[in-house]
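Q: Could you take a close look at one helix for me, and then show how the rest of the assembly sits around that picture?

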Amino acid sequence: MTKYVAKRILMAALTLFAITFVLFVLIRIMPGNPFPVERMSAEMILQKRLELGLDKPILVQFADYLKMLASGSFGNGTSLYNGAPIKPIMLKCLENSFKIGVISILFGTVVGLFIGIVAAMHRGKFLDGFCTVVSILGVCIPSYVFMIFLQYFFSYKIPFFPYFFDASNFLSSAVMPALSLSLFAISTVSRFTRNEMVEVMNSDYVKLAEAKGLYGWQLMRRHVLRNALIPIVTVIAPLVVDLLTGAMVIEKIYGINGVGKLMVDAIAGQGVDYNYVLALGIVFSALYIAIMLLLDILYGIIDPRIRLAAKEG
Amino acid sequence: MRKILMFTLLILAAMVTACGGGEEKDSNTLKVMLGSNAVSLDAAQATDSVSFELMADCIDGLTQMDSNGKAIPAIAESYDISEDGKTYTFHLRDAKWANGDEVTAEDFVFAWRRHCLESTKYAYIMGATVACVKNADAVTKKEAAPETLGISAPDSKTLVVELDAPVSFFPSLMCFPAFYPINEKFYNSLEKGTYGTSPETFLSNGAFTLTEYLPGTSNIRLQKNNSYWNAQNISLENLQYQVVSSSDNALTAFKNGTLNLVAINGNQVENVKNDADLSKNLKIIPTGLLQYLSFNQDAKNHHGGALANVNLRLAISNAIDRESLVNNYVTNGAQATYTAIPINFAPNAETGRFFAEDQKQFSDVVSFDVEKARRFFDAAKAELGKDIFDLDIIYANDSGDTVIKVAQAIKSQVEENLPGVILNLQPMPKAEYLDRVTTNSYDIAITNWAPDYDDPMTFLTLWTTEGSEISEHWSNLDYDRIITECTTGDLAANYNERWSAMYDAEEILLRNAVIAPLYTNASAVLISENVKGVDFHSVAIERVFKNVK
Amino acid sequence: MEKNYTPQKEDFQFITERNLEIDSTFTSQGYWRGVFVHFTKNKFAMTGVFLVSLIIIFAVFAPLLSSYAYDEIISVTDDAGKEIVAKSLPPQFSNAVAQDYFSAKTFIFGTDDMGRDLWTRTWQGARVSLIIAFVAIFIDMLIGTTYGLISGFFGGTVDNVLQRFIEIIGSIPTLVIISILAIFMPKGIGLVIASLLITEWIGMSKIARAECLKLKEREYVLASRTLGAGSFHIIFTQILPNTIGPIITQVMFSIPVAIFTEAFLSFVGVGIVLPQCSIGSLIEAGFNNITILPYQILPPISVLAILMLGFNLIGDGFREALAPKLENL
């Protein structure tokens, strides 16, 4: 197992390197200049490109970039925020998005699992139908529309939560965005949980367990949940990445200084800020890869069959 | 499972209790909406009115604007002008930076030199077309040493500025952030590129200091600066800015009392007008922002350069119903405009009449007249030998939903009035839009320009051969000659002749339909009744909060 | 009995000659016929089919039958020559006693803030969104399922390489992908579909891979292998039918994701180009005026909700019909 994990981590590092390279090349193909060009003449643009070293061969540029990464810096912005160092600004934005993301994942998963399990245990009855409706509503309503409703009713009609995000009053201003973000997670997780559980509950070993006299939570925990969890974890993992990497529209509505907004600003703002797009791209991918790696390892823990298969391979 | 449930309940309980917490009701705090993020607090990098407004809150230049937009002394207590109008001597007052340093003449010298070397969009403002500071263009192009720039500090309280030509609006130009001082010692103590990126890296000498700021943040807080030279006349203690992107959201935040001053779009304006209570708070503020169509006239452009034909451009310009645009789609008080200079802007120093007060003066070439438009169109078809014109019309879609509505209305009007013209709407992110405009790959762009100083020249210099290289690719030697004469030539010293020469230039521009003006924008704001003394200006700094009572 | 006796055909004969009674009640049906029967018997599934068909019928015919074009700005010119646009009118039906310019006209859903009939636009938008969602998700399903099954089934190096490839593709921000695509193709429906193709198949392949990992160790796969079936035969005839359930569930979830992604792309300016519209762009437009003109966002949101409800019911119906064991519980 240790060897397997070590191998996977090495692979992950290689993948991250490949991603950095691909992103590095792709960003240079993108339309738009890496700096704001409003009312800039052609010669000024040329001079600016020289300053940024964009005239060098791309591999040299890439090597320079790697050198900079190795020194623990993401460099300076090119079009955003007058070329200030990226790291502190990005960290602040990541912090905001992460905190809200984590709350919404916890909330979404727990509530989703709960609804899914309840529905599965009462399948075909009223509660099942009710849970289905809840989960369908969750996918039908875009999270930002839900956010607007929340904001309208709980900040405007009943001024309970702050109307805009306020970092100094974090908890109360995180409730509404986290709730609206978790909506999609709730419905996805609950739908999958229900379906997977119903499938598992029909399997022979569960029937046998039932025949042996197990029932209720005992049966669910020992036999059903464990087996239904694998596909559910597959659904949750990408959601985690989605939620952590920020939701641009909600961040915009609620005035959250987060990474979703930062990414859009970096791509579609005054210019295409090469360094911000790269830095965010690398951080997001690292996150994604780390979660996928964790997922693979988790698979092994939840389902020993996969561990065996990995050993063989 | 039970544990997880308990955990969730705990989190929820924690959140709910945390929320009960207080909304501090500080009567001396003004909460203001910003329509977009500030690009930068560094005058050499900023390109937008939001940044300029923030800088003006925190830093005083040589002069400042009074409630009527006139330049009055700020850091400069007084100034003398030499007889030829080419040398200004400013006498600085005893003012302090927020860290206790004296504001000296050297701070201006440092900032101006730096601006010439580092600014991109606004480097031109020091140069021949605007301020005419001696050697500014050479320094900008790095052909001369920064020391040769026409600014010097004989002593720490005297600043001498030498110009290449007399500039009648020079004192009012000094309100613009590009001419603000920077504390050299403080600047040099910072890590490169960090100036103005946090309250710690930004030093103010003005009415307010930054207390909370991060680039790109939605929430900016300022506080009264007690070491400001005029601190006894500033009664506002706290100023909070909140970036709000949706006009609907802004309206609700205002109703809710979360914000005291918000700007709203057309749909919301119409809604507010029907509301007896809210309509009392509504103010329509005229601005100097001109929205116009820019025609790419480069024969090499990617659609074969049909727009190099003047009759086609005139046809399109005359097929647009500008009144309908402002009354039906913009609806925030914007005014239909038939001149290249916006309305409500650049009053004549003697008569006080706005430069573009007479909107009918070019009505034979800019108007809404379908018959005439079709005549121009027939001429264009005959000259170009084709009947169908497929044109791309590009615009940046991050400028709110108004421009999106305007683009659709123009498409509908032009296609209906000129059968044979097809306009393909091409909304795009701002970065791509700017790139397309600079690299010449568009046919028509919906664009705008806001004045940087109170003179028609802030618009007219856009279309000189050099200025137009960036967009329309139009070149006219007569036009260039008039502009040169008015900026650095003989006419610079003669106010009246210069004024009428600028009308001549405008006429050349419009007879050639280099652009099609659409409307002069206005800003519809809601302002709380108890907030008095917010100054609105159509030039450079849009809002000033120094006189808020 | 002889040692090497080979049975002859004649050895197997009916003992008595008589007409066999073949039990037609319990004859085996074809697999898909069974699925069809199960599906049509399911009331919920049929409700779903009804809802989706209803929307599709409206999407196809309503724009054709409407008296306005979806991009037509309805306006009149008054006596003074001023153009007056029928914008932001709440739902109204033709009024015999006309009080103002437009009260004689019928706008079932009202008009938008550009003076266009929302009834026509809603159905036109539904049409565009359905086309985008169907085309994109169908192709994504093909690519994603094949990819995921192959990756999961072969495991080892193949899986490793394929999964790393996914990680690389998945880590490129959608906005970067679409900006680059926009260099090569014009903005509009095609570009939206193309970018959905690049980004959305990944989720599908993950599900297929996970299912495959679970299924490939099952006895029937082992049996098939023992009998000498080739890998691709096993993947497509043994494993694929058993993954259809989760994949269809995923498809049902992907359709709203596709519609929302499209809406997001319109939001940053790379999606559907106005005056063309989609459900996403209509929601987007309504959302800008949600508190003052709430009737503008209701039609597109309702259409979306009905569509999603329908797709989900159909998805459930399929699941149960494809895996009939669920039904006898």
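A: Here is a walk along one helix of chain B and then outwards from there.

Keep in mind that this is a predicted model. The part to zoom in on is α17 of chain B, residues 495-511. A quick sanity check on its geometry works out: at 1.5 Å a residue, 17 residues should span 24 Å, and the C-alpha atoms at the two ends are 25 Å apart, which agrees.

Next, which side chains does α17(B) bury? The buried ones are B:Arg498, B:Trp499, B:Met502, B:Ala505, B:Glu506, B:Leu509 and B:Leu510. Looking down the helix axis, these buried residues fall within an arc of 130°, so they line one face of α17(B). Note that B:Arg498 and B:Glu506 are among the buried set. Swing round to the other side of α17(B) and you find B:Asn496 and B:Ser500, both exposed. As for what lies over the buried residues, the cover includes two helices of chain B, α14 (457-460) and α16 (477-487).

Now follow the chain out of the helix. Just after α17(B) comes B:Ala513, with a positive phi of about 45°, although B:Ala513 is not a glycine. Most residues other than glycine have a negative phi. B:Ala513 belongs to the loop that links α17 to β17 (515-527) of chain B. Is B:Ala513 buried or exposed? It has 25 C-beta neighbours inside 10 Å, and 20 are enough to count as buried, so B:Ala513 is buried.

Chain B has another residue of this kind in B:Cys132, where phi is near 60°, again positive in a residue other than glycine. You'll find B:Cys132 in the loop between α3 (105-118) and α4 (136-140) of chain B. B:Cys132 also counts as buried, because it has 24 C-beta neighbours inside 10 Å.

Chain B has strands to look at as well. β12 (residues 282-295) and β16 (residues 444-449) of chain B pair in the antiparallel sense, over six bridges. One residue pair to click on here is B:Leu290, whose bridge partner in β16(B) is B:Trp449. β16(B) is also joined by two bridges to β14 (residues 389-396) of chain B, and those two strands run parallel. There, B:Ile394 stands opposite B:Ala445 of β16(B).

Then there's the nonpolar core. The largest one has 349 residues, and the residues with the most contacts inside it are B:Met55, B:Val262 and B:Ala315. Take B:Met55: setting aside neighbours within four places in sequence, B:Met55 is in contact with B:Leu41, B:Ala43, B:Ala46, B:Pro177 and B:Tyr180.

Moving out to the partners of chain B, start with chain A. The contact between them takes 53 residues from chain A and 46 residues from chain B. On the chain A side, the elements giving two or more residues are α2 (42-51), α4 (86-121), α6 (143-157), α7 (170-201), α9 (216-244), α10 (248-254) and α11 (259-268). The largest share, five residues, comes from α4(A). By type, the chain A side divides into 32 nonpolar, 14 polar and seven charged residues.

Chain A itself has 13 helices and zero strands. Its C-alpha trace spans about 80 × 60 × 30 Å along the principal axes. Of its 313 residues, 51% count as buried. Among contacts in chain A with a separation of 6 or more, 73% involve residues 24 or more positions apart.

Finally, chain C puts 20 residues in contact with 23 residues of chain B. The chain C side of that contact divides into ten nonpolar, five polar and five charged residues. In secondary structure, chain C comes to ten helices and two strands, and from the N terminus the order is α-α-β-β-α-α-α-α-α-α-α-α. Buried residues make up 47% of the 329 residues in chain C. When contacts in chain C are restricted to residues at least 6 apart in sequence, 69% of them join residues at least 24 apart.

Back at the starting point, then: α17(B) has its buried residues along one face, has B:Asn496 and B:Ser500 exposed on the other side, and is followed by the positive phi of B:Ala513.

How values were computed: Residues numbered from 1 in each chain as written. Chains lettered and ligands numbered in written order. Predicted model: local features only at pLDDT ≥ 70, side-chain atom pairs only at ≥ 80, totals over all residues. Helix = DSSP H or I, 4+ residues; strand = E, 2+ residues; numbered from the N terminus. Expected span 1.5 Å × (residues − 1). Buried ≥ 20, exposed ≤ 12 C-beta atoms within 10 Å, placed from the backbone. Arc of directions from axis to C-beta. Contact = placed C-beta atoms within 7 Å. Nonpolar A, V, L, I, M, F, W, Y, C, P; charged D, E, K, R; others polar. Pairing = 2+ DSSP bridges. Core = buried A, V, L, I, M, F, W, Y, C linked by C-beta atoms within 7 Å.
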